[in-house]
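Thanks for coming. I will walk through one structure, a few residues and helices at a time.

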Amino acid sequence: AVLVKKAACGLAKAGVVKGDVVSVQLPNCAEAVVLHLAATRLGAVTNPLLPTYRAKELRYILGFAHTKVVVIPSEHRGFDFPALYAQMRPDLGDVPEIVEQMS
């Protein structure tokens with residue numbers, strides 16, 4: 001419950017309010033569950049994204065969903081997610097806040 005409360009506070013500080021979309025591109029892990037519960041606590045909607053998605057899929061999905069915040073891993077299976085999102089940032093229009101998961 002404490003982790004969910006802390007995550008909800010972090011999302012709220014990022015500007016997440018009721019009805020916003022929080023996209024989560026994390027592997028199956030406890031943090032993904034905590035983020036879902038935190039977003040739900042704020043009345044936001046979670047949009048789970050597979051870690052195998054890359055720029056083509058992500059540009060479409062993030063734009064279509066009007067994502068407010070996206071949470072990504074620092075690295076998963078040797079792939080650098082922050083570099084991918086830095087490359088995509090100019091193409092995302094209303095750029096969502098990108099939060100890197102800290103291990």
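Is Cys 29 buried, exposed or partly exposed? Cys 29 has a relative accessibility of 21%, so Cys 29 counts as partly exposed. The cut-off matters here, because buried means under 20% relative accessible area. Before I go on, please keep in mind that this is a predicted model.

Let me stay with the cysteines. How many disulfides does the structure hold? The number is zero. Cys 9 takes part in no disulfide, and the nearest cysteine sulfur to that of Cys 9 is in Cys 29, 20 Å away. Why is there no bond for Cys 29? Because the closest cysteine sulfur to that of Cys 29, the one in Cys 9, is 20 Å off, and that is too far for a bond. For a disulfide, the two sulfur atoms would have to be within 2.5 Å. As for exposure, Cys 9 is partly exposed, with a relative accessibility of 40%.

Next, the helices, beginning with α1 and α2. Helix α1 covers residues 2–13, and helix α2 covers residues 30–42. How do they cross? Their axes come within 8 Å and cross at roughly 60 degrees, and the crossing is right-handed. On the α1 side, the contact is made by Leu 3, Val 4, Lys 5, Ala 7, Ala 8, Leu 11 and Ala 12. On the α2 side, the residues are Val 34, Leu 35, Leu 37, Ala 38, Ala 39, Arg 41 and Leu 42. Sorted by class, this contact of α1 with α2 has 12 nonpolar residues, two charged ones and no polar ones.

Lys 6 is also in α1. Is Lys 6 buried or exposed? Lys 6 is exposed, at a relative accessible area of 59%. Lys 6 and Leu 35 are 29 residues apart along the chain, and their C-alpha atoms are separated by 9.8 Å.

The second pair is α3, residues 55–65, and α4, residues 81–88. The axes of α3 and α4 come within 11 Å and cross at roughly 60 degrees. That angle makes α3 oblique to α4. The crossing of α3 and α4 is right-handed. Which residues meet there? From α3 they are Ala 55, Leu 58, Arg 59 and Leu 62, and from α4 they are Leu 84, Tyr 85 and Met 88. The contact of α3 with α4 divides into six nonpolar residues, one charged and no polar.

Now some buried residues. Phe 81 is in helix α4. With a relative accessibility of 0%, Phe 81 counts as buried. What does Phe 81 touch, leaving out residues up to four places away in sequence? The list is Gln 25, Pro 51, Arg 54, Ile 72, Pro 73, Ser 74, Glu 75 and His 76. Take Pro 51 from that list: Phe 81 and Pro 51 are 30 residues apart along the chain, with 9.1 Å between their C-alpha atoms.

Pro 73 lies in strand β3 and is buried, at 1% relative accessibility. Outside its neighbours within four places in sequence, Pro 73 is in contact with several residues, including Gln 25, Leu 26, Pro 27 and Phe 81. Two others in contact with Pro 73 are Glu 100 and Gln 101.

Val 24 is in strand β1, residues 21–24. Val 24 is buried too, with a relative accessible area of 8%. Val 24 and Leu 49 are 25 residues apart in sequence, yet 5.8 Å apart in space, C-alpha to C-alpha. Besides Leu 49, and not counting residues up to four places away in sequence, Val 24 touches Ala 32, Leu 35, Asn 47, Pro 48 and Val 71.

Last, some backbone angles. Most residues other than glycine have a negative phi. Which sign does phi of His 66 have? The sign is positive, with phi near 55 degrees. His 66 sits in the loop between α3 and β3 and is exposed, with a relative accessible area of 66%. Arg 77 also has a positive phi, near 50 degrees. Where is Arg 77 found? Arg 77 lies in the loop between β4, residues 75–76, and β5, residues 79–80. Arg 77 is exposed, at a relative accessible area of 78%.

That is the end of my notes.

Key
Residues are numbered from 1 along each chain as its sequence is written. This is a predicted model: local features need pLDDT of at least 70, side-chain atom pairs count only at pLDDT 80 or more; totals for chains, interfaces and linings use all residues. Side-chain values use heavy atoms; hydrogens and water are left out. Helices (H or I, at least four residues) and strands (E, at least two) are DSSP runs, numbered from the N terminus. Buried means under 20% relative accessible area, exposed over 50%, partly exposed in between (1.4 Å probe, protein chains only). Axes are lines fitted to C-alpha atoms, for helices over the stretch in contact, and angles run from 0 to 180 degrees between N-to-C directions. Angles under 35 degrees count as roughly parallel, over 145 as roughly antiparallel, 65 to 115 as roughly perpendicular and the rest as oblique. A crossing is left-handed if the near helix is turned anticlockwise from the far one by less than a right angle, and right-handed if clockwise. Contact means heavy atoms within 4.5 Å. Ala, Val, Leu, Ile, Met, Phe, Trp, Tyr, Cys and Pro count as nonpolar, Asp, Glu, Lys and Arg as charged, and the others, Gly among them, as polar.
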